[in-house]
Amino acid sequence: MKNSLHSLGRLSALSLALLPLLHATADEFSYPTLLASQSDFGGVGLMQMPTGRMAPEGEFNFATSYNDEYQHFTASVQLFPWFETTVRYTQVQDLLYSSDPNFSGNTKYTDKGIDFKVRLLEESNWLPETSIGVRDFGGTGLFDAEFIAATKRVGPLDFTLGIGWGYIGNSGNLTSDKKDLNYNCDRDTSYGGKGGTVDYQRWFKGCAALFGGVEYQTPWDPLRVKVEYDGNDYQSDFPVVRGGIAMPQDSKFNYGLLYRFGDWGDLHLSYERGNTWTLGFSLQTNFNELTQIKRDPAAAKYKPIPAAPLTHVQTTNTPLDSVNYSEQTPAIASATLDTTKEIADVHLIQPQEGMLETAINWSKVAQDLQSIAGYNNPKIYLDSDSITVIGEQTKFRDRNEAHQRAATILANSSDLTRIKEYRLIETHYSQPITETRIDAEKFAQVASFGYLNAKITDASQVSVPSLPQGQLVTHSDKNWLDKLGFDISPTMVQSFGGSESFYMFNIGVTGSANYRFTDNFEFGGSLYLNLYDNYDKFLYDVPPDGTDLKRVRTLIRQYVHDNPVRVNNLQLTWMDNLSDNISYQAYGGYLEMMYGGIGTEFLYRPLNSQWAFGFDVNYAKQRDPDSMFGFFKDENQFDHLTNRAYRVQTGVVTGHATAYYQPEWFPNTLLRVSAGQYLTEDKGVTVDFSKQFDSGVIVGAFATKTNLSADEYGEGSFTKGFYISIPFDLMTVKSTHSRAFLSWMPLTRDGGQMLGRKYNLFDVTDARAPWYTRPSVDPIK
């Protein structure tokens with residue numbers, strides 16, 4: 001211990017001695033900016049040791065590092081300026097996942113871990129940036145550790161000094177008489193249940209050690225040098241304890257070089273323990289700064305054309321509950337169909353009593369609203385003093401831009417002396433969600449830049465949708481083809497860290513179609529064609545961990561690999577509003593790949609509210625993977641591949657009450673809490689928390705804890721996972737509301753599993769308090 005402290009003391013003394021010289025000779029213009037970099041374990045750090053430094057908010061790193069003992073795969077996200085999270089998979093090079101070669105083959109032992117770090121102090125002239133962190137919390141304990149680290153920048157040098165416990169502090173240079181204790185200084189290193197539990201009772205206990213180091217930004221921008229004093233002695237590492245593999249430490253100092261490729265990647269090479277080379281590579285981006293140049297149609301220029309006075313237009317006053325947005329017909333228009341267009345050309349008849357003196361091509365107006373303003377398949381109603389547009393906004397996440405474009409098109413097509421208001425009723429799945437009323441006179445001032453900083457919100461007001469007033473003057477054709485929608489898209493599902501294979505996936509093509517009988521009633525389905533997968537390796541040898549739950553999700557191999565063509569979804573759906581703030585849906589059929597049944601959902605969501613409340617109730621049966629449309633009839637089944645008996649779900653009532661909260665005091669976040677009964681008849685709570693960055697990228701995590709014990713649940717102890725939702729318009733030159741959704745779950749288990757549903761009312765009503773369609777923030781501004 002004396003030698004260890006002496007070595008660390010020499011490093012600290014050298015650092016202190018250099019401080020005056022560095023202040024005198026180095027400034028921000030002398031060297032390139034020193035940026036935060038990743039450690040071998042993921043997260044900002046040196047090599048083996050963390051630092052107190054944080055990356056810029058929104059930074060995402062995907063990295064891997066390799067040496068003779070371990071290969072790490074890590075993904076780190078700087079969720080907030082003060083909070084860093086890391087997910088890690090580690091493969092132990094010389095140990096297998098299972099001693100049974102018929103089960104796991106030559107798959108290496110794989111550890112799954114989650115880290116977090118919280119900043120306590122920001123760096124100032126005199127104070128270092130100081131953070132506290134936990135490594136491998138909720139994991140199996142291979143690398144579990146806690147630390148407090150302080151980092152101070154002086155010119156091109158970043159100095160770190162810290163204290164570590166657990167894996168980071170196993171050298172015990174602050175723990176007296178370690179030799180008289182066991183190799184972990186009496187720290188409990190056993191697994192919590194089946195792994196996956198948060199063993200907070202052993203945090204900051206056991207061996208403790210000082211660690212430190214320095215990162216140096218050379219005058220050559222891409223190159224950095226790292227030196228660290230290691231707090232670990234590697235005598236309690238998993239290969240040593242479980243495999244009897246020697247991991248000697250010939251030096252307490254580790255040395256590394258890092259080469260940065262622009263702003264997208266790092267290559268790092270280090271010499272550690274005085275005998276081991278480690279090679280790593282990381283890719284990075286910043287979710288706050290992602291942008292994409294758009295090639296949307298140019299917005300119309302404001303050129304209002306006065307029209308002759310309108311003497312009379314018949315209006316309708318139909319109760320909102322009975323309005324059918326697709327069945328309204330014009331009473332004062334003469335329509336002629338041009339079969340080369342999606343929308344019928346409708347022209348007002350030339351001067352007659354009660355008619356406009358000038359004909360307006362409302363079909364052209366509707367086409368402009370769709371192509372320029374993003375309102376899909378709009379319907380236009382004309383009243384004596386207002387124009388109402390009903391349509392789904394599919395392009396612009398910034399609805400102010402959509403409102404500006406739409407109002408300009410309407411102003412250019414109407415008589416400003418008569419029309420006092422433009423009404424934009426936004427729908428989703430043909431359901432009215434919001435209404436934006438734009439004062440025509442105020443908009444004229446905005447559009448003509450009548451005053452400083454004029455903006456569309458000065459002339460507009462968003463409210464609960466009301467009845468469309470006046471007569472429908474343009475509409476879509478009503479033949480059956482216009483009510484049919486279809487889509488073909490590539491599909492990929494993947495999982496990491498399984499016992500049978502580290503990486504399993506399937507790729508295929510999904511074709512979907514739907515036919516809308518009315519605005520409320522739809523019939524739809526999807527067919528999946530599997531092109532390639534390696535789920536033949538997914539055996540789930542029940543029970544290697546002693547569980548005996550109904551196999552509500554772990555039959556994935558039978559559904560994906562054994563049946564290359566399958567009907568994923570085939571259902572009838574009714575969707576409507578009970579009141580201004582309450583929506584509901586009812587559905588029945590083949591609801592997802594593994595289940596069919598019937599169900600309903602209700603959602604209470606006031607306009608612009610931080611809160612929403614809903615519940616769903618379903619009766620579901622498990623589909624037979626050996627039959628395209630059949631269901632399991634017998635609960636007890638037998639797998640001839642693994643020669644094991646198992647149970648399936650032949651009927652269950654499942655559903656949840658859910659609260660949604662977007663707090664103003666914690667902006668750009670969504671908390672979702674659901675409580676109810678899951679597919680294997682366990683009862684519990686799911687908590688889902690997500691953060692949205694300026695670009696619109698959403699990163700979230702969820703955890704489900706039910707009344708199953710860790711032994712009943714099996715490996716992992718409880719269900720948890722992570723996901724990233726990426727707006728498609730970050731990858732395309734056209735604006736769109738569509739998103740790509742990537743999810744990650746450490747293990748496929750049967751406890752805490754929800755029924756998949758085609759529609760979720762919180763998503764359908766998103767425009768009421770935008771989350772998925774929230775506008776991005778321009779990083780330049």
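This briefing covers the aromatic pairs, ring-charge contacts, nonpolar core and nonpolar surface patch of the structure. The model is predicted. A search of the whole structure finds 40 aromatic pairs. The largest nonpolar core holds 30 residues, and a nonpolar patch of about 820 Å² lies on the surface.

**Aromatic pairs**
- Tyrosine 515 and phenylalanine 517 pair edge-to-face, with 5.0 Å from centre to centre and 75 degrees between the planes.
- Phenylalanine 517 has a relative accessible area of 38% and is therefore partly exposed.
- Tryptophan 611 and phenylalanine 613 form a stacked pair, with the centres 5.7 Å apart and the planes at 5 degrees.
- Tryptophan 611 counts as partly exposed because its relative accessible area is 39%.
- Phenylalanine 613, with a relative accessible area of 40%, is partly exposed.
- Ring pairs also join Phe80, Trp82, Phe83, Phe116, Phe137, Trp203, Trp665, Phe666 and Phe689 into a cluster.

**Charges over rings**
- Arginine 551 places its charged end over the ring of tyrosine 646, at 5.1 Å from the ring centre.
- Lysine 720 lies over the face of phenylalanine 718, and the distance to the ring centre is 4.3 Å.

**Nonpolar core**
- Within the largest nonpolar core, of 30 residues, Ile380, Tyr422 and Phe443 have the most contacts.
- Two or more residues of this core come from each of the helices α4 (362-371), α5 (399-411) and α6 (440-447) and the strands β15 (375-382), β16 (386-393) and β17 (421-428).
- Helix α5 makes the largest contribution to the core, six residues.

**Loop after α6**
- Serine 448 is located in the loop that runs between α6 and β19 (460-463).
- The relative accessibility of serine 448 is 41%, so this residue counts as partly exposed.
- Serine 448 and lysine 301 are 147 residues apart along the chain, while their C-alpha atoms are separated by 9.9 Å.

**Nonpolar surface patch**
- The patch of about 820 Å² is made by Met492, Ile507, Leu527, Leu529, Leu531, Tyr532, Val565, Met628 and Phe629.
- Strand β23 (residues 521-533) supplies the largest share of the patch, four residues.
- Tyrosine 532, one of the patch residues, lies in strand β23.

Terms used:
Residues numbered from 1 in each chain as written. Predicted model: local features only at pLDDT ≥ 70, side-chain atom pairs only at ≥ 80, totals over all residues. Heavy atoms only, no water. Patch = residues over 30% accessible without salt bridge, like charges linked within 9 Å, V, L, I, M, F, W, Y side chains within 5 Å. Areas by Shrake-Rupley, 256 points an atom, 1.4 Å probe, with all protein chains shown as cover. Salt bridge = Lys/Arg side-chain N within 4 Å of Asp/Glu carboxyl O. Phe/Tyr/Trp six-rings, centres within 6.5 Å; stacked < 30°, edge-to-face > 60°. Buried < 20%, exposed > 50% of the residue type's maximum accessible area, 1.4 Å probe, protein only. Lys NZ or Arg CZ within 6 Å of the ring centre and 35° of its normal. Core = buried A, V, L, I, M, F, W, Y, C linked by side-chain atoms within 4.5 Å.
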